[in-house]
Amino acid sequence: MAPIQLKDSEQQQSGCLSNIFSRFTRSASSPSTSSSNEKFIYSAVDPMEDLPPYEDIVKSMQKLDVKCDSEIEAIINKEINSISDELREISLDLHENVETGMKEVHAHNVLTAYLEKKGFKVTRHAYGMETAFTAEYSRGSGRRIGVCSEYDGLPGLGQGCGHNLIAISGLATAIGIKAALDSGKASGKVVLFGTPAEELSIGKIVLVSKGAFQENVDVCLMLHPAAYNHQHAAFIAIHDVRVEFFGKPSHASAAPWVGVNALDALVQVWNGISMMRQQLMPTDRVHGIVTDGGQAPNVIPEHTSAFFFVRTTRANQIGRLQKKLENIFEAAALATGCKVKYTWREIGVTKDVIQNRPLANFYAQHMEKYGIEFPSEEDQIRAGGGSTDFGNISYEMPSIQPFYGIHTTAANHTIEFTAAAKTMAAHKDTITASKCMAATGVEVLLNDDYYNSVQRNFKENQVEFTAEVSEVGKPACNYI
Ligand SMILES: [Zn+2]
C-alpha cells in the first residue's frame with residue numbers, strides 16, 4: 001500500500017498531525033476489510049472512502065511532529081524512575097492490606113499523604129465519599145489532564161484485579177506529568193482522582209454525577225494491568241436488577257391450594273431468561289443468582305428474590321434488555337398470581353468504555369518503543385471484556401483505559417493474578433506503562449493539532465454511541 005498522501009490544502013488548514021488523526025479516527029482497518037469490520041468502526045464512516053491501512057498510518061504517525069520530544073520524555077522517565085522504589089513500597093502495602101469497595105481507608109490515607117509530600121494540592125474525602133480524593137498540580141494556563149487511581153480489592157481474592165498497581169500507575173503518571181510542568185517545557189494542570197469501589201462500580205459513577213471530571217479536566221487517563229497489552233481494551237455496559245415475588249404461605253402438604261407460590265414465579269423467571277437467551281445477540285449477557293428461595297420445604301414460599309446482571313456492548317442498548325427482563329418478571333407474576341417488585345440499580349448504567357483512538361494509539365506507539373506489541377484492534381475487541389465504571393467518564397470526555405501486560409498468563413479475578421500483582425516484573429511493567437501514559441498526557445498539553453484530533457474523535461464517537469437504538473426483538477404480542 002502506498003503511504004498516505006495528504007492534499008496540500010488539508011495540510012495548511014489544520015496541520016499534518018490533525019489530518020493524520022482525522023483519517024485515523026475514521027477506521028483502524030484496511031479498506032479492503034471495511035465492510036466486514038463495520039461493527040468495529042466507532043465513528044461516522046463513509047465506507048466508500050479509500051482509507052489507508054493501519055500499518056501505513058502508524059508509520060506516518062511515527063514521522064510526525066511529536067511535541068513531547070525525547071528531552072521531555074527523559075525528564076518524565078527520570079522522575080518516574082526516581083520514585084519507583086517508593087511506589088513499590090506503596091503497591092506492596094496495598095497488596096498486603098486489602099480493603100474492599102468504599103472501605104479503602106488505609107489506601108486513601110497512604111496515597112493522599114504521598115501526593116501531599118510530592119507537592120500536590122490534595123482534597124481528602126472528595127465529593128462526599130469517605131475514600132475518594134483528588135490531588136492537583138498546575139503550572140501556568142493550559143489544558144487539564146485527569147488521571148485515575150483505583151485501590152479496592154476483591155473479597156476472598158485480595159488484589160485479584162491488580163488495583164494496587166493501578167494505584168501506583170496513577171501516582172507515577174501524575175508525577176511524571178508534574179515533572180514536565182516543573183521543567184518549564186509544558187504548562188497546564190494534572191489532576192489525580194482517587195476513585196473508590198471500582199469492583200462495585202460505584203466510585204467513578206458518583207464522581208461523574210457530581211461533575212468531578214467534567215468541570216476539572218479535559219481528558220482522562222487510566223491504566224489497568226492484565227495478561228496482555230490492549231490499547232483498545234473492550235469493556236461492555238452493565239446494569240443490574242433485583243426482583244422479588246410476594247405470594248401467600250400455606251402448609252405445603254395439608255393445604256397447598258391455599259398458598260400462592262413465590263418460588264414458582266422465580267422458576268418461571270429462570271426459565272423465561274433461559275429461553276430468551278436464544279434470541280439475544282451474541283454479545284448480550286444475562287446472569288444471576290437466587291438470593292431467597294423460600295424458608296422451609298413444608299411451607300409454600302411467601303417471598304423469593306433474585307439478583308441479575310445484564311450486559312451488552314453499548315450503554316444505549318441496555319434498555320432493550322431491561323424491557324425483555326421486565327416482561328419476563330411481569331409474565332411470571334401474572335402466571336402464578338404473585339405480586340412482583342423489581343428495582344434497577346439506582347445510580348444507573350455502568351457504561352461501556354469508549355477508547356479515544358488518538359490517545360490509545362499514541363500511548364501504544366510509546367509502548368512499542370519498549371518492544372511491546374499490540375494485537376489488531378479487531379482482535380482486541382473480539383476478545384471481549386468485563387465492565388468498569390471508567391466507562392461513564394469515557395462518555396463525558398476523551399479517555400483511555402488500556403490494558404498492559406504484567407508478565408502473567410493468569411486472568412484477572414483469579415488467585416494467580418493476585419500473586420502476579422505483587423511481582424517485581426509486574427512493578428516494572430507498571431513503571432513502563434506509566435511513562436508512556438505520562439508522555440501521552442504531556443502531548444495533550446503541548447500539541448494543539450493532536451488535541452484537536454483527540455476532541456474530534458470524541459465528538460464523532462459521541463454521535464454514534466449515544467444514538468437512539470431501535471428496539472430489537474420487541475415481543476410480538478403484548479399481554480397487558
Ligand atoms: Zn479491575
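How many of the ten residues of S7 are buried? I began my notes with this strand, working on a predicted model, and I found that seven of the ten are buried, so S7 is largely enclosed by the rest of the structure.

**Entry 1: the chain as a whole**

I looked up the overall composition and noted 15 helices and twelve strands in the chain. Of its 480 residues, 49% count as buried. I then turned to the contacts with a separation of 6 or more, and residues 24 or more positions apart account for 79% of them.

**Entry 2: confidence**

Before going further I checked the pLDDT, whose mean over the chain is 87, with 84% of the residues reaching 70 or more. Over residues 1-52 the pLDDT is below 50, although this stretch has 87 contacts in the model beyond near neighbours in sequence. I found another such stretch at residues 471-480, where pLDDT stays under 50 and the model has eight contacts beyond four places in sequence.

**Entry 3: the sheet that holds S7**

I traced the strand order next and read S8-S9-S7-S10, an open sheet of four strands with antiparallel pairing. Strand S8 (285-292) and strand S10 (339-344) stand at the edges, and because each has a single partner strand, one side of each is left without a neighbour in the sheet. From one strand to the next the twist averages 20°.

I then followed S7, which spans residues 237-246, to its partners: with S10 it pairs in the antiparallel sense over six bridges, and with S9 it pairs, again in the antiparallel sense, over ten bridges. To fix the register I noted one residue pair for each partner, namely Val241 with Trp344 in S10 and Ile238 with Arg311 in S9.

What packs on this sheet, and which strands does it touch? I found helix H8 (residues 262-276) there, touching S7, S8 and strand S9 (303-312), with a direction that makes about 15° with that of S9.

**Entry 4: the mixed sheet**

I looked up another open sheet, built from six strands in the order S1-S2-S4-S3-S5-S11, and its pairing is mixed. Its edges are strand S1 (121-124) and strand S11 (399-400), each with a single partner strand, so one side of each lacks a neighbour in the sheet. Within this sheet I examined strand S3 (residues 144-149) and strand S5 (residues 219-221), which run parallel and are joined by three bridges; Ile145 stands opposite Val219 in S5. Helix H14 lies across S3, strand S4 (188-194) and S5, and I recorded that H14 runs at about 170° to S5.

**Entry 5: H14 and H10**

Having met H14 on the mixed sheet, I asked how its axis lies relative to that of H10. The axes of helix H10 (residues 357-368) and helix H14 (residues 424-446) come within 9 Å and cross at roughly 130°. The two helices are therefore oblique to each other, and I noted the crossing as right-handed.

Which residues of H10 and H14 meet? On the H10 side I listed Leu359, Phe362, Tyr363, His366 and Met367, and on the H14 side Ala433, Cys436, Met437, Ala439, Thr440 and Glu443.

Note on methods. Residues are numbered from 1 along each chain as its sequence is written. This is a predicted model: local features need pLDDT of at least 70, side-chain atom pairs count only at pLDDT 80 or more; totals for chains, interfaces and linings use all residues. Two strands pair if DSSP finds at least two bridges between them. Axes are lines fitted to C-alpha atoms, for helices over the stretch in contact, and angles run from 0 to 180 degrees between N-to-C directions. Two residues are in contact if their C-beta atoms, placed from the backbone, lie within 7 Å. A residue is buried if 20 or more other C-beta atoms lie within 10 Å of its own, exposed if 12 or fewer, and partly exposed in between; C-beta atoms are placed from the backbone. pLDDT is the predictor's confidence in each residue, from 0 to 100. Angles under 35 degrees count as roughly parallel, over 145 as roughly antiparallel, 65 to 115 as roughly perpendicular and the rest as oblique. A crossing is left-handed if the near helix is turned anticlockwise from the far one by less than a right angle, and right-handed if clockwise.
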